[in-house]
Amino acid sequence: MTLRCAVIGNPIGHSLSPLIHQYFAEQVGLSLTYTKIQGDDQWFEEQVKCFFNQGGKGLNITAPYKERAFAMALLKTPRCQQALSANTLWMKDGQLLADNTDGAGLINDLKRSIDLTNKQLLICGAGGAARGIIMPLFEAKAAKITLVNRTLEKAQRLLTDFPFIHCVAANAIESSIDVIINATSANFEGKTWVFPESLMATKPFCYDLAYAVDEPTAFVSYAIQYDCPSMDGLGMLVEQAAEAFFIWHGVRPETTEVLNRIRPQ
Ligand code: NDP
């Protein structure tokens, strides 16, 4: 039997999820179709219901619908509750279930390069992605998590759910940072946050949630200028997909091989 999965978002044209899931399916010998659904702001909820009514097995959600997907689901995993947004939906016993696999995806990708234990982290951005990664980073035993955002009040709102983070204004970023995680969407405009020279001079590890297959993202280019070790979020994308694949199909695919197929080293 061929299983049917999909990703819904707007825009959706450039999504790599179909390719990633097809590679996973090939790897484990699963017959799968995985398509892109162009989301419609007016009809998103109907589109989701229709997908599952027609026998869809699993649906990934991308911007800008993660919060709406969260609101639709009857049951949510604890990490999904913390993120207040969902990127993975499926049905069980006639009920819609939701998870958010972004945080696990980030941690699994970071593990390839750095041990977060006792590290001083700086997260830049306070949107949906930032919300999804804070708790997994805390659980990875970071020593301190500082958060900075263009709109400080939005960062401060996160303190209610994550009282252990430190929110600072852009001009109050300290230099004792081991890892900078860019969770802004500035890359969509080809822009990057500019950090104090004194911080970049200490050569923190720079991780960009944004990704591009063929060229460095704006933040990765910026990190390279300062000789900082850096990675973009393509690995996170593959890892979050692997978590969703496991939820839907009960098999954990091998991710490094798929990452190398998408972007040969
Ligand atoms: P949101 O729209 O929810 O949040 C965007 C954030 O970026 C806000 O904090 C916003 O600040 C900030 N921002 C936007 N433009 C700028 C700018 N020019 N300068 C400084 N800050 C800016 O987006 P998400 O949280 O959903 O996504 C953030 C990024 O993470 C995106 O690039 C997305 O592609 C990526 N992502 C990658 C994943 C992966 O698997 N690799 C998974 C999920 C997300 P303000 O509050 O002031 O508006």
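This report walks through the two sheets, the helices that pack on them, some unusual backbone spots and the ligand site of a predicted model.

**The first sheet**

One open sheet is built from six strands in the order β2-β1-β3-β5-β6-β4, and its pairing is mixed. The strands at its edges are β2 (32–38) and β4 (75–76), each with a single partner strand, so one side of each is left without a neighbour in the sheet. As background for reading such an arrangement, strands of a sheet pair through backbone hydrogen bonds, either parallel or antiparallel. Within this sheet, strand β1 (residues 3–9) and strand β3 (residues 58–61) run parallel and are joined by four bridges, and a reader who wishes to find one bridge partner can look at C5, whose partner in β3 is G58.

Helices also lie against these strands. Helix α1 (residues 17–28) lies across β1, β2 and β3, and its direction is at about 170° to β2. Helix α10 packs on the sheet as well, where it touches β1, β2, β3, β5 (88–92) and β6 (95–99), and its direction makes about 5° with that of β5.

**The second sheet**

Another open sheet of six strands follows the order β9-β8-β7-β10-β11-β12, and here the pairing is parallel. Its edge strands are β9 (166–168) and β12 (230–231), each of which pairs on one side only. Strand β7 (residues 120–124) is joined by four bridges to strand β10 (residues 179–182), the two running parallel, and in β10 the bridge partner of C124 is N182.

Two helices can be described against β10, β11 and β12. Helix α5 (residues 102–110) lies across these strands and runs at about 140° to β11 (205–208), while helix α9 (residues 218–225), which also lies across β10, β11 and β12, runs at about 165° to β11.

**Backbone features in the loops**

Some loops hold backbone features worth locating in the structure. The peptide bond that joins N10 and P11 is cis, with omega of about 10°, and P11 is placed in the loop between β1 and α1. A cis peptide bond also joins A63 and P64, with omega of about 5°, and P64 has its place in the loop between β3 and α3 (66–72). N118, which lies in the loop between α5 and β7, has a positive phi of about 65° although it is not a glycine.

**The ligand site**

The ligand is surrounded by 25 residues, and the closest are A126, A129, N149, T151 and L209. The residues of this shell divide into eleven nonpolar, nine polar and five charged. Oxygen atoms of the ligand also have protein N or O atoms at the distances listed here.

| Residue | Part of the residue with the N or O atom | Distance to a ligand oxygen atom |
|---|---|---|
| N149 | side chain | 2.7 Å |
| R150 | side chain | 2.9 Å |
| L237 | backbone | 3.5 Å |

On its own the ligand has 940 Å² of accessible area, and the protein covers 80% of this. Which elements give two or more residues to the shell around the ligand? They are α6 (128–139) and α10 (234–249), and the largest share, three residues, comes from α10. Helix α10 therefore deserves a second look in the structure, given that it packs on the sheet that contains β1, β2, β3, β5 and β6 and also contributes to the shell around the ligand.

Methods
Residues are numbered from 1 along each chain as its sequence is written. This is a predicted model: local features need pLDDT of at least 70, side-chain atom pairs count only at pLDDT 80 or more; totals for chains, interfaces and linings use all residues. Side-chain values use heavy atoms; hydrogens and water are left out. A residue is near a molecule or strand if one of its heavy atoms lies within 4 Å of it. A polar contact is a pair of N or O atoms within 3.5 Å; within protein, one must be able to donate a hydrogen and the other to accept it, and residues adjacent in sequence count only if both atoms are side-chain atoms. Accessible areas come from the Shrake-Rupley method with a 1.4 Å probe; for residues, only the protein chains shown count as cover. Ala, Val, Leu, Ile, Met, Phe, Trp, Tyr, Cys and Pro count as nonpolar, Asp, Glu, Lys and Arg as charged, and the others, Gly among them, as polar. Two strands pair if DSSP finds at least two bridges between them. Contact means heavy atoms within 4.5 Å. Axes are lines fitted to C-alpha atoms, for helices over the stretch in contact, and angles run from 0 to 180 degrees between N-to-C directions.
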